[in-house]
Amino acid sequence: MKKALTIGELLVTMAIIGVIAVLVLPSFLKDYHNKLYVTRLKKAYEMLEIAINQACMDNNVSYFYQTPYVLTGTNPQTKKYYQQDFIDKYFKKVANQTTSPFSEQYGTLNSSQRYSFGLVKEHGWAKLAGGEAISFYCSGNNVDFCLMRVDINSTDGPNIGGRDMFVIFVNKYTNKLYDDYTASSCGGVDTEDDKNKRKISLNGNYDGYGCLGRLIQDNWEMKY
């Protein structure tokens, strides 16, 4: 005859399971969220890549700098900034947006300090149907890049640069997507490819500069 567990034995077993859960669950949740952040960032990266190439095809040009979407000022036909036209045409947005889809403040990876974040009026921006917030801006003709800021879950937390807020640069003359900052700007180790990139301290890096490059180096795994 099998001996049933006593109440005491059940309580001890449940206590052991509880202790294991307390020890394991935080690590499991962090790993889950990190994978989710990276998946959504990679999706935004791919959407931007497709949009850049499609804009070039639609305008019968080879490079993004040859499209109207790099121009400053407003489009006389749409009465919108050219970068907003780009987002409106090539990204699936949430309808009827009137307020910024970004958080008012963002933190850094190694600091509890929060920094104010605001969109420049010339930036095109939108909350996408997938829940991402994006802004897109092209500098003047003497600068070779445009950049997209992306918060992969809009105003939802943690709102930390390098965790759910990232920057993707676009070379207007090659259509290449890249990160203009070194991996060490995101706490990583610089490689030979980083030697001509800019460095920025983690302190105050609420845009997550360098983190895209580090993620690509690590085969799209968030190891930080």
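## Burial, cores and a hairpin in a predicted model

Me: What percentage of the 224 residues in the protein is buried?
Reply: This is a predicted model, in which local features need pLDDT of at least 70 and side-chain atom pairs count only at pLDDT 80 or more, while totals for chains, interfaces and linings use all residues. Residues are numbered from 1 along each chain as its sequence is written, and side-chain values use heavy atoms, with hydrogens and water left out. Taking buried as under 20% relative accessible area (1.4 Å probe, protein chains only), the buried share of the 224 residues is 41%.

Me: Which element gives the most residues to the largest nonpolar core?
Reply: A nonpolar core is a set of buried Ala, Val, Leu, Ile, Met, Phe, Trp, Tyr and Cys residues joined through side-chain atoms within 4.5 Å, and the largest has 37 residues, with Leu48, Phe64, Phe86 and Phe136 making the most contacts inside it. At least two residues come from each of several elements, including helix 2 (82–90) and strand 5 (145–151), where helices (H or I, at least four residues) and strands (E, at least two) are DSSP runs numbered from the N terminus. The greatest contribution, ten residues, is that of helix 1.

Me: Which residue in strand 4 stands opposite Gly124?
Reply: Gly124 belongs to the covered face of strand 3 (residues 124–127), together with Ala126, whereas Trp125 and Lys127 form the uncovered face. Strand 3 pairs with strand 4 (residues 133–138) in the antiparallel sense over four bridges, pairing being assigned if DSSP finds at least two bridges between two strands. Opposite Gly124 in strand 4 stands Phe136.

Conventions:
Buried < 20%, exposed > 50% of the residue type's maximum accessible area, 1.4 Å probe, protein only.
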